[in-house]
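Colleague: Could you take me through one part of this predicted model up close? I'd like the central strands and whatever you can tell me about the helices too.

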Amino acid sequence: MKTTRKRVGVALGSGGMRGLAHIGVLQVLEEAGIQIDYLSGASVGAFMGAAYAAEMDLYALGAFAAKLSRRDVLDPPNPFRSGLFSGQKFLKLCAVVTENRTFQETCVPFWCSAVDLATGKTCYLHEGRLADAVRASIAIPGLLRPFTIGGATYIDGGTLESIPAAILRENGADVVIGVDLSICPPYAPKRSNAYSIAFRSVDLMRAAIDTLAPSGADVLIRPDVSFMGRLVPHDAAKCIAIGRAAASEALPEIRQKLKQQA
């Protein structure tokens, strides 16, 4: 009797530079022969998802990320505008990583979540240039300036939904794998600063939102990369390795879901 392969969607969650763990997760899924049919991302998940959808080699992406510094990612701060950083450097980085492709040129259908600042609703960007959509999705309130596309102004996609899983189910995914970077251990930093307090506040808000509105993913991969800062890309190799370990641990559950009858 002929069986139809279940279609797999992967939703990559938000988390700043902790999103390097997404590289390890995608590497393991690829090595295990799990074909990704649909892909979505919020904030840094949008960046990693766009790189994958634009067919960037995952190992090259890991090596590239390991060489990044804060100067490569962030512009000089300007506190007198709608965000501390303009985001122009990041936009250029997105264009390089995605080869300036559009959504119509991706290897898998990809959705990039962002929040419309005017309506306060989550939108799933699926047209136009990948780099623009990613820049909109990663506009962390107060840090990166909001980004305008087609007359609408957007902020960070993780503001309302840290793991954009539902959009994949709506578009045909039978099994949805979510990658959650929001493990939030007790806060006991040696040195507090404005950044650490702001991101801690974001972590607490997102944890509360996720409790009230779970992602709905069939399998949730949760790499513990809480040691990692949100803005500075350091310890990339460690972060990727933790993503690999978490994905490897989840493989039996993923395979079981793929075998289950609809």
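Modeller: Let's start with β1, which is covered on both faces: Val8, Val10 and Leu12 are buried on one side, and Gly9 and Ala11 are buried on the other. That split fits the usual pattern, since in a regular strand the side chains alternate between the two faces of the sheet. Five of the five residues of β1 are buried, so the strand is largely enclosed by the rest of the structure. Bear in mind that this is a predicted model throughout.

So what does β1 pair with? One partner is β2 (residues 38-42), which runs parallel to β1 and is joined to it by four bridges. If you want a spot to look at in that pairing, find Val10, which stands opposite Leu39 in β2. Another partner is β9, which pairs with β1 (residues 8-12) in the parallel sense over five bridges. Here you can pick out Ala11, standing opposite Gly178 in β9, and Leu12, whose bridge partner in β9 is Val179.

Move across to β9 (residues 175-179) and the burial story repeats: five of its five residues are buried, so β9 is largely enclosed by the rest of the structure. Val175, Ile177 and Val179 point one way from the strand, Val176 and Gly178 point the other way, and all are buried. β9 also pairs with β10 (residues 219-221), in the parallel sense and over three bridges. A handy marker for that pairing is Ile177, which stands opposite Val219 in β10.

Now for the helices, beginning with α2 (residues 44-53). α2 is mostly covered, with 10 of its 10 residues buried. Among them are Val44, Phe47, Met48 and Tyr52, along with glycines and alanines such as Gly45, Gly49 and Ala53. After α2 comes Glu55, which has a positive phi near 70°.

Which helix does α2 pack against? Look at α6: the two pack at an angle of about 165°, with their axes 8 Å apart. Since an angle over 145 degrees counts as roughly antiparallel, that makes α2 roughly antiparallel to α6. The crossing of α2 and α6 is right-handed. On the α2 side the contact is made by Ala46, Phe47 and Ala50, and on the α6 side by Leu130, Val134 and Ser137. Sorted by class, the contact of α2 with α6 has five nonpolar residues, one polar and no charged ones. The spacing along each helix is worth a glance here: an α-helix has 3.6 residues a turn, so residues three or four places apart point the same way.

It's worth zooming in on Ala50, which lies in α2. Its relative accessibility is 0%, and Ala50 therefore counts as buried. Setting aside neighbours within four places in sequence, Ala50 is in contact with Thr98, Phe110, Leu130 and Val134. There's also Cys112, 62 residues away from Ala50 along the chain, yet with 8.2 Å separating the C-alpha atoms of the two.

As for α6 (residues 130-137), seven of its eight residues are buried, so α6 is largely enclosed by the rest of the structure. The buried ones are Leu130, Ala131, Ala133, Val134, Arg135, Ala136 and Ser137. Notice that the list takes in Arg135.

There's another helix pair to set beside that one. The axes of α1 (residues 20-31) and α3 (residues 58-66) come within 10 Å and cross at roughly 160°. That makes α1 roughly antiparallel to α3, and the crossing of these two is left-handed. From α1, the contact is made by Leu20, Ile23, Leu26, Gln27, Glu30 and Glu31; from α3, by Leu58, Tyr59, Leu61, Gly62 and Ala65. By class, the contact of α1 with α3 has seven nonpolar, two polar and two charged residues. So the contact of α1 with α3 has charged residues, whereas the contact of α2 with α6 has none.

To put all this in the context of the whole chain, there are nine helices and 10 strands. Of the 262 residues in the chain, 51% are buried. And if you take contacts between residues at least 6 apart in sequence, 75% of them join residues at least 24 apart.

How values were computed: Residues are numbered from 1 along each chain as its sequence is written. This is a predicted model: local features need pLDDT of at least 70, side-chain atom pairs count only at pLDDT 80 or more; totals for chains, interfaces and linings use all residues. Side-chain values use heavy atoms; hydrogens and water are left out. Buried means under 20% relative accessible area, exposed over 50%, partly exposed in between (1.4 Å probe, protein chains only). Two strands pair if DSSP finds at least two bridges between them. Axes are lines fitted to C-alpha atoms, for helices over the stretch in contact, and angles run from 0 to 180 degrees between N-to-C directions. Angles under 35 degrees count as roughly parallel, over 145 as roughly antiparallel, 65 to 115 as roughly perpendicular and the rest as oblique. A crossing is left-handed if the near helix is turned anticlockwise from the far one by less than a right angle, and right-handed if clockwise. Contact means heavy atoms within 4.5 Å. Ala, Val, Leu, Ile, Met, Phe, Trp, Tyr, Cys and Pro count as nonpolar, Asp, Glu, Lys and Arg as charged, and the others, Gly among them, as polar.
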